[in-house]
Amino acid sequence: MYSKVANNKTDDRSKYFFKLLSSNMILFGFIILCFILGLLTNRFFTINNWRNIFVQSSTTGIVAVGMTFVIITGGIDLSVGSVLAFTAMISAGMIRGNMNPILAIIFTLVFGLCIGLINGLFISKLKMPPFIVTLAAMSIARGLAMVYSGGRTIPIMNDTYNFMGQGYLFKIIPIPIIIMIIAFFIAGYILKYTSFGRKTYAVGGNREAAKFSGIKIDNIEMIAYSITGLMSATAGIVLSGRLGASLPTSAEGLELDAIGAVVIGGASLSGGKGTIFGTFIGVLIMSVLNNGMNLLNVNPFYQQVFKGLIILVAVLIDVLKNRYKNE
Amino acid sequence: MYSKVANNKTDDRSKYFFKLLSSNMILFGFIILCFILGLLTNRFFTINNWRNIFVQSSTTGIVAVGMTFVIITGGIDLSVGSVLAFTAMISAGMIRGNMNPILAIIFTLVFGLCIGLINGLFISKLKMPPFIVTLAAMSIARGLAMVYSGGRTIPIMNDTYNFMGQGYLFKIIPIPIIIMIIAFFIAGYILKYTSFGRKTYAVGGNREAAKFSGIKIDNIEMIAYSITGLMSATAGIVLSGRLGASLPTSAEGLELDAIGAVVIGGASLSGGKGTIFGTFIGVLIMSVLNNGMNLLNVNPFYQQVFKGLIILVAVLIDVLKNRYKNE
Amino acid sequence: MKILLNMKNISKSFSKINVLNNVNLKIEEGKVLGLLGENGAGKSTLMKILSGVYKKDEGIIIFEDKEINPQNPKEVQTLGISIIYQELNLIDNMSVAENIYLGRWPLNVYKKINYKCLYENTEKLLKENNLNLNSKDIVGNLSVGKKQMVEIAKAISFNSKIILMDEPTSALSNDESEKLFNIIESLKEKGVGIVFISHKMEEIYRICDKVKVLRDGKDMGEKEINNVTEKELIKMMVGRDIEDRFPKKNNEIGETILEVKNLTSKKVKNISFNVRQGEVFGIAGLMGAGRTETMRAIFGIDKIFSGEVYLKGKKISIKNPEIAIKNGIGFVPEDRKKEGLILDFSVLQNSVLAILNKIKNIFGYINHKEEIRISNNIIENLEVKTNSNKQIIKYLSGGNQQKVIIGKWLEIKPDILILDDPTRGIDVGTKAQIYSLINNITRKGKSVILISSELPEVVNMCDRVMVMHEGELMKVLNKDEISQERIMYYAIGKKGAI
Amino acid sequence: MKKFITFFIILSLSLLVFSGNSINKSRTIALSVSSMNNGFFVGLEKGVRDRAEELQINYVLANANGSVMKQLSDIEDLITQNVDALIVNALDGDAIIPAVKKANKAGIPILFLDRGANSTGMTCFIETDNVAMGRMAGEYIVRKLIDRYGKPIGNIVELEGLQGVTPTRDRGKGFNEVIEKYPDINIIARQNADFDQEKALNVMQNILQANSKIDAVFGHNDDNTIGAMSAIEMSGRSKPIDDKEHIILVGIDGIAQALYAVRKEKIDVSITQTVLDMGKTAVDLAIDKLDGKFVPPHVYTDFFIVDKNNADDEKLWGNIIK
Ligand SMILES: Nc1ncnc2c1ncn2[C@@H]1O[C@H](COP(=O)(O)OP(=O)(O)OP(=O)(O)O)[C@@H](O)[C@H]1O
Ligand SMILES: Nc1ncnc2c1ncn2[C@@H]1O[C@H](COP(=O)(O)OP(=O)(O)OP(=O)(O)O)[C@@H](O)[C@H]1O
Ligand SMILES: [Mg+2]
Ligand SMILES: [Mg+2]
């Protein structure tokens, strides 16, 4: 049975929103979370606070964009945090060596892409398990970041470079937000509308069938891991710009946050599923949680407990609703 | 083609060994690794050193036993490290409260099992993604460990309890080794020879088929996660006994080590594959690597780099050989 | 005659779309009931309701005079009803024996699986039913046909009172089907009631006692098989007459387009043949003859160890399917679930998967209008039964899934289209449709390579037939040499002329 | 005869000299460090290594990388290697006790650096008094608040370090001991920032959002304080150091980045430890122990406030290790 044609545009729009909500309960969970936080503290719904939330999402968000591609192919990338630290370290080194900051940024991005490509080569050409390859890469990149820095923080005293983390567009929108939003838009576009995006889903959905349809699985995988490498390097530049320094310990444990965000957003680790919009909500849920608990000055020991519980509940809403639909 | 019947027993045995080697290249990689380390330092092949290696494997090893079950069902358990810390904290609390140590140990094991069971319930009954459930559990259990201890280490001054970590059987074999070996044997037996074990493979191999054959997937999953919880608690007792203290920060990042060991041992994160023997070798590879690099006094920064590289090579041997076999 | 099971007024809808509407079904002791209907008529759904996979919306099921309400497969199994599902449900990493007794392995007193007993039981079961399987083989390494035999053995092993068989023969060759019929006959003697679903009319007449026909989820009534002609049955199913099961061909055969010389791969040795323009080139052989493997090698999926492939006289090296597609070769694979479909994709997304590179612009943007056009085209031309092109393909009936796959390959407009058992699980009406499609292709001077296990299909459709046996080419038969006898003669490995 | 005696004296002297050297050359000192991912630990290690090189002693390093399990394993492996003395920078005072016992049993002297063991059996414990540093930070802030308001009132933020480790506990303890004495000084937010700059930055941003009036921030180490500093700058609430609304920033350790910020007047002070000296002292005491000399059981090393007046001092470890 098909629904009748809507009478007018506003009706249409509200229906669209309703459909979005009901098809995406995680968004619903997110809105409820925000609502509750808004009730608990009037500082929550302020422009300033949301600017904070978005800026604080930027590192995980940018990395999660890359992770979405990899997870849709059915893979995983554990090396993101280490690659972030390593690339940020390299760029800090170049800045210290008085390299032109723009050049340094470009070089760093290319460098991150190459690390991702190497991961992808091992995984697609040598058919090694992504978990192992990226676990090894995680260890290696972190080690190299340590070796390169001697375990020390490298301060970055370059305003152009630090603009990437601390600057503003039109004096109000922080650059990290801009970069994150652009990344989400481009990735969303690619996944939804392009041939590469469709192939990414196909590879994760059914490798054999994708192969029979003339899709070069190897290439798709290599590109997916390269994107993740590139995004890690981007996040590295943003983070080190924000801190005005590169730390060898940057972004430890980021992999779990990023994967978590992607999976909360509805992707499945067995591949073929997931959306950029879902990832975006997943990232925001995490940031809003941290932010809200800071605003409420929740005892730090309990913060972890609440964080776990709320993630559980948010995903539970999603799961129960899908269940209900299928009955 | 079947090999001819061997003439005598020794021949048979050497053939068996050879078959084991060629069917299990990761074992081959492990032996080569040991061989090289033996050449590089004569302290490597001493009883004392191997006792160290095994004791050092015990925590990861015991947890990896549980993880093997979960991974074979196609799941994952990120909460092991936190559950270890939390259960060890509870048992330290009970010891401090002058509870009988045997009772405390039993209670702790049951407690760990229950945490695993709760994970399992969420995953099997509510059909939530294992990654999310155990990520949440990881956060919650760690938080509770912090809350319970107020962020402090709780020393354990009870010889019976600490015997679990520091004691010896016949004055030569450390108890942690005994516990680990027993765990490996029982788990190996279960997976290979019992109906539950084979059902575990069936669930991971093809859920639909398992369901259509009347296998109660829910139960298998619940038991698998309960086993992991139980093993985490066991490892918690061994570790806290070894350290004579429970730390709220114990075993951070253990999940990646344990999963890594299982996957290095040949399991696949998509389920249906993996053996206890493989996991055992996986665990040993990691410990031997750490031990060997310590003995060789490798610069700690480079240790991470080498560790990554060697894991990569070890698994590569396995992968290439399978590839060769299939051509 | 004793009625074992009675389904009354069964109705079922999926997300408001009615799939079964007041259907009745009686299973009698020692009788075989044929269940007929077009693709998507609701046959499998009815069986799945009975086996506890789906829950019925309305109606009652009476089994042995008691009403039952199946909730899960296990419950139904214990009642004594077993089922062979339309799609394979096996654990690839386990042995044949372990699969047959999945979850019901014999245990010794220590709860240890008694493997000796397991393998003995299996050997016995296989022998008794004359099934040619090795109990210790790993199922993942078997061909589809053999896997199907495992499913059959499994269904029998329950010693059930009722066995439901949802297209058990679609992956079997005549030989193996005949074995299954022998098994069914002995089951009948034991008083087992059987439901048998098939799209092959010969089989229905060969084995069934009664037939029940479904059309669009509606009950079209039951007939004694002896009182009804094939034509009448088809009319009940389709609602109209089908003139010719094999439509007339009028193709002109031209130059050689594909030439294969001494091809050797993992599973096949020294294969040489050529395919000409406008020709239907058949490949026949028993299960495991290596027909699929030959085509996999040509399509760039398996590695070619030695030998050459010439396309339009030019030597080409096809390293992967993409190159094959670029060279105008299409391939409808034999295992649709594993190799043909992305189950979570919609009909639309599956339709354009092989043609993505042609409908995107330089930025990789997929032309959405074109997508819609192509998928609607397929739905219309092949009469795919789906509520829209947005429907997720896993919810289509098996036959309709197959139509989408064929449609997807027709859309790349191939010079050579390889069809590996394309009519498996396809209803009579659609089969005729597919045959006309094949004729359409050849009429335009394009070529078709048709792998088939159905001899009538081979005899009627092919211009030449290559017969294979255990990875080797036995004989290429010309048009005037093609006969069922000759094909079988070479297929079982005999040499020389007859 | 005389010649013979001279020859004998020279011979024995040279033997003495050589043997002195060769004693040291055949000696091996091992350092087990809790982690090496922070300037502080890098400084400790450098202090030990430089002194060992100076004395021509073999030197072995193991990095526990934040894991108590690995630290115990490391020490077991070092005992297997028969090192002559162990210097340990313990991750946890209780969890290290079995290692102490093992070293004692093997007869290897075990000295502790910066973080000790909660047991007997330590040959010596060289540390900076964390409680005292926390207290010093508290007193500094109180003094500044009195300067500003004429009496001890104000709102303070405490950014805690990694949960569950000694420095976090002890610094917090010393700090709060002082603050609790002034009922009108409120700790309006106490959040943990894991000794991590990014975390500190995010947490502080949120705290700034929640609180419109903040007078001072105490970071449990310099990373926390630097993160807080960045957050304040980004929020546009950073004021010159002598401004009434300036948020007073105090950190601990004296790492290079903090000294730089002190010079730029972006943070007020860092309480520096004398990290290199700590390492050097540990080696000297280990040698003393091996030579059979007296070694005191507990040695406190120096700490002091670095503000813009002395931030340029080249002898500060933070200016040596960059
Ligand atoms: N799980 C499901 N969700 C939605 N629709 C479904 C589902 N399963 C089946 N259908 C729809 O129900 C109808 C009947 O399907 P069914 O599989 O019973 O057909 P069938 O008679 O077995 O056909 P075939 O001969 O092709 O196997 C089809 O139109 C199909 O699209
Ligand atoms: N993955 C595999 N590993 C090992 N052997 C295999 C594998 N796949 C197929 N085989 C074997 O290869 C042979 C040929 O395969 P297959 O049965 O697909 O040939 P076919 O002629 O296409 O038969 P059909 O299409 O009728 O099933 C068979 O003996 C089969 O058992
Ligand atoms: Mg069907
Ligand atoms: Mg085939």
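Here a colleague asks a modeller how the descriptions of this predicted model are justified.

Colleague: Let's start with chain D. What makes up its secondary structure, and how many residues of the 322 are buried, as a percentage?

Modeller: Chain D has 11 helices and 12 strands. Buried residues account for 61% of its 322 residues. Its C-alpha atoms fill a box of roughly 90 × 40 × 30 Å along the principal axes.

Colleague: Why is the six-strand sheet in chain D called open, and which strands are at its edges?

Modeller: The strand order is E7-E6-E8-E9-E10-E12 in chain D. At the two ends sit strand E7 (185-192) and strand E12 (303-306), and each of these pairs on one side only. Edge strands with one partnered side are what we find here, and the sheet is listed as open. On average, neighbouring strands are turned by 20° against each other, direction ignored.

Colleague: What makes the pairing mixed?

Modeller: Strands of a sheet can pair either parallel or antiparallel. In this sheet, strand E6 (residues 154-160) of chain D runs parallel to E8(D), with four bridges between them. E8(D) also runs parallel to strand E9 (residues 248-253) of chain D, joined by three bridges. Strand E10 (residues 269-273) of chain D, on the other hand, runs antiparallel to E12(D), with four bridges. Both kinds of pairing occur, and the sheet is described as mixed.

Colleague: How do you know that E6(D) and E8(D) count as paired?

Modeller: Pairing needs at least two bridges, and these strands have four. One of the contacts is D:Val157, whose bridge partner in E8(D) is D:Val217. For the E8(D) and E9(D) pair, D:Ala216 stands opposite D:Ile248. For E10(D) and E12(D), D:Ser270 stands opposite D:Val306.

Colleague: What tells you that both faces of E8(D) are covered?

Modeller: In a regular strand the side chains alternate between the two faces of the sheet. In strand E8 (residues 216-219) of chain D, D:Ala216 and D:Phe218 are on one side, D:Val217 and D:Gly219 on the other, and all four are buried.

Colleague: Over to chain A. Why is helix H12 said to be largely enclosed?

Modeller: Buried means under 20% relative accessible area. In helix H12 (residues 254-264) of chain A, 10 of the 11 residues are buried, so the helix is largely enclosed by the rest of the structure. The buried ones include A:Leu254, A:Glu255, A:Ile259 and A:Ile264. Just after H12(A), A:Gly266 takes a positive phi of about 105°.

Colleague: Now the metals. How do you know that C:Thr292 and C:Glu334 are donors to the magnesium ion (ligand 4)?

Modeller: Donor atoms have to be within 2.8 Å of this metal. C:Thr292 (OG1) and C:Glu334 (OE) coordinate the ion at 1.8 to 2.4 Å, so both qualify under that limit. C:Thr292 lies in helix H9 (residues 291-298) of chain C, C:Glu334 in the loop between strand E16 (329-332) and helix H11 (336-340), and they are 42 residues apart.

Colleague: Why is C:Thr292 called buried but C:Glu334 partly exposed?

Modeller: The buried cut-off is under 20% and exposed is over 50%. C:Thr292 has a relative accessible area of 12%, so it is buried. C:Glu334, at 21%, falls between the two limits and is therefore partly exposed.

Colleague: And which protein donors does the magnesium ion (ligand 3) have?

Modeller: C:Ser44 (OG) and C:Gln86 (OE1), lying 1.9 to 2.1 Å from the ion. C:Ser44 is in helix H1 (residues 43-51) of chain C and C:Gln86 in the loop between strand E6 (81-84) and helix H3 (96-100), so the pair ties together parts 42 residues apart in sequence. Both residues are buried.

Colleague: Last, the empty spaces. What makes the second largest cavity a cavity, and what lines it?

Modeller: In a cavity the 1.4 Å probe fits but cannot get out. This one has a volume of about 140 Å³. Its lining has 15 residues, and B:Phe212, C:Gln77, C:Ile83, C:Tyr85 and C:Phe158 lie nearest the centre. The lining divides into eight nonpolar, five polar and two charged residues.

Colleague: Which helix gives the most to the lining of the second largest pocket?

Modeller: H4(D), with five residues. That pocket has a volume of about 640 Å³.

Notes: Residues are numbered from 1 along each chain as its sequence is written. Chains are lettered from A and ligands numbered from 1 in the order in which they are written. This is a predicted model: local features need pLDDT of at least 70, side-chain atom pairs count only at pLDDT 80 or more; totals for chains, interfaces and linings use all residues. Side-chain values use heavy atoms; hydrogens and water are left out. On a 1 Å grid over the protein atoms alone, a cavity is a set of points where a 1.4 Å probe fits but cannot get out, and a pocket is an open set with protein on both sides within 12 Å along at least five of seven lines; lining residues have an atom within 4 Å of a point. Grid points are joined across faces, edges and corners, and a volume is the space filled by probe spheres set on the points. Donors are N, O and S atoms within 2.8 Å of the metal (3.2 Å for Na, K and Ca); water is not among the atoms, so sites may look incomplete. Buried means under 20% relative accessible area, exposed over 50%, partly exposed in between (1.4 Å probe, protein chains only). Axes are lines fitted to C-alpha atoms, for helices over the stretch in contact, and angles run from 0 to 180 degrees between N-to-C directions. Ala, Val, Leu, Ile, Met, Phe, Trp, Tyr, Cys and Pro count as nonpolar, Asp, Glu, Lys and Arg as charged, and the others, Gly among them, as polar.
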